[in-house]
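Subject: Structure handover and notes

Dear colleague,

I am passing on the structure below, together with a written account of what was found in it. Please read the notes alongside the coordinates.

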Amino acid sequence: ATGQEIHRIPLGPYPRGIAITPDSHTAYVAVMGTSNVAIIDLATFAVSWMYGVGSGPRHLVMSPDAHYLYATLNGAGLIAKIDLTTRTVVGRVSTGTQPRSMAISPDGTALYVVNYGSDTMSKLRASDLSLLQTIGTPHHPIGITYDRSTHDVWVSCYEGNILVFADR
């Protein structure tokens, strides 16, 4: 409410996406200048790491049950699925060139990824990372979100366009 900074956590070059567990105990941060994801204990602000997730982790989303974390790997051109119980990568898949932002359906069954370098948006089945659909977009799609009320997927592109896709 006051806008006062309460803590500063040094993580290294280019921290990007952040996902927080539903119980607000842990934050996961993609550190794009590395191949790692930082794990922050929100009670103490202590930092530990998941090493070797993949080159250039950029964006993170968490499954609704907080069992899996999904990361876009901008440098590797992949999406990684991480089991948070074992803190290991259990799958990787390519969706296009330079995957950037990502969204997850409210039930956790689908992932939606914008691929900046290939001008596409991809839909994946979260359980096995199967590619379900790829749709062309205007140049450089960069942002994406899922509207829970309408079941629409919104994509923003650097050309100045917002695309809205019905996912019903």
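Four bridges join strand E9 to strand E10 (residues 110–115), and the two strands run antiparallel. Please keep in mind throughout that this is a predicted model. Within this pairing Ala103 stands opposite Tyr112 of E10, and the two strands form a hairpin with five residues between them, where Gly108 in the turn has a positive phi of about 80°. Strand E9 itself, which spans residues 99–104, is mostly covered, since six of its six residues are buried.

The nonpolar cores come next. The largest nonpolar core has 15 residues, of which Tyr28, Val37, Met50, Val53, Leu60, Leu69 and Leu84 touch the most other members. Two or more residues of this core are given by each of strands E2 (26–31), E3 (36–41), E5 (57–62), E6 (68–73) and E7 (78–83), and the largest share, three residues, comes from E6. Apart from this core lies another, of 12 residues, among them Ala103, Met121, Ile144 and Tyr146, so that Ala103, already mentioned as the residue opposite Tyr112, belongs to that second set.

Two residues give a closer view of the packing. If neighbours within four places in sequence are left aside, Met50 is in contact with Tyr28, Ser35, Asn36, Val37, Ile39, Leu69, Ile82, Leu84 and Arg87. Ala80, whose place is in strand E7, counts as buried because its relative accessible area is 0%, which is under the 20% limit. Not counting residues up to four places away in sequence, Ala80 touches Val53, Leu69, Tyr70, Ala71, Leu73, Val89, Gly91 and Arg92. Ala80 and Thr134, by comparison, are 54 residues apart in sequence and 18 Å apart in space, taken from C-alpha to C-alpha.

Is Thr21, in the loop between strand E1 (15–20) and E2, buried or exposed? Thr21 is buried, because its relative accessible area of 11% falls under the 20% cut-off. The side chains of Thr21 and Asp23 are joined by a polar contact of 2.6 Å, and, with neighbours within four places in sequence left aside, Thr21 is in contact with Thr26, Tyr28 and Met62.

Met62 appears again in the lining of the largest pocket, where 17 residues take part and Val61, Met62, Ser63, Ile104 and Arg148 lie nearest the centre. The volume of this pocket is about 320 Å³, and strands E1, E5 and E9 each supply at least two residues of its lining.

Finally, two backbone angles may be worth a look on your side. Tyr14, found in the segment before E1, has a positive phi of about 65° although it is not a glycine, and this residue counts as exposed because its relative accessibility is 60%, which is over the 50% limit. Arg87, which is found in the loop between E7 and strand E8 (88–93), likewise is a residue other than glycine with a positive phi, near 55°. With a relative accessible area of 41%, Arg87 is partly exposed, and Arg87 is also one of the residues in contact with Met50.

With best regards

Key. Residues numbered from 1 in each chain as written. Predicted model: local features only at pLDDT ≥ 70, side-chain atom pairs only at ≥ 80, totals over all residues. Heavy atoms only, no water. Buried < 20%, exposed > 50% of the residue type's maximum accessible area, 1.4 Å probe, protein only. Pairing = 2+ DSSP bridges. Core = buried A, V, L, I, M, F, W, Y, C linked by side-chain atoms within 4.5 Å. Contact = heavy atoms within 4.5 Å. Polar contact = N/O pair within 3.5 Å; in protein donor to acceptor, adjacent residues only side chain to side chain. 1 Å grid on protein atoms, 1.4 Å probe; cavity = no way out; pocket = protein on both sides within 12 Å on 5 of 7 lines; lining within 4 Å. Points joined across faces, edges and corners; volume = space filled by probe spheres on them.
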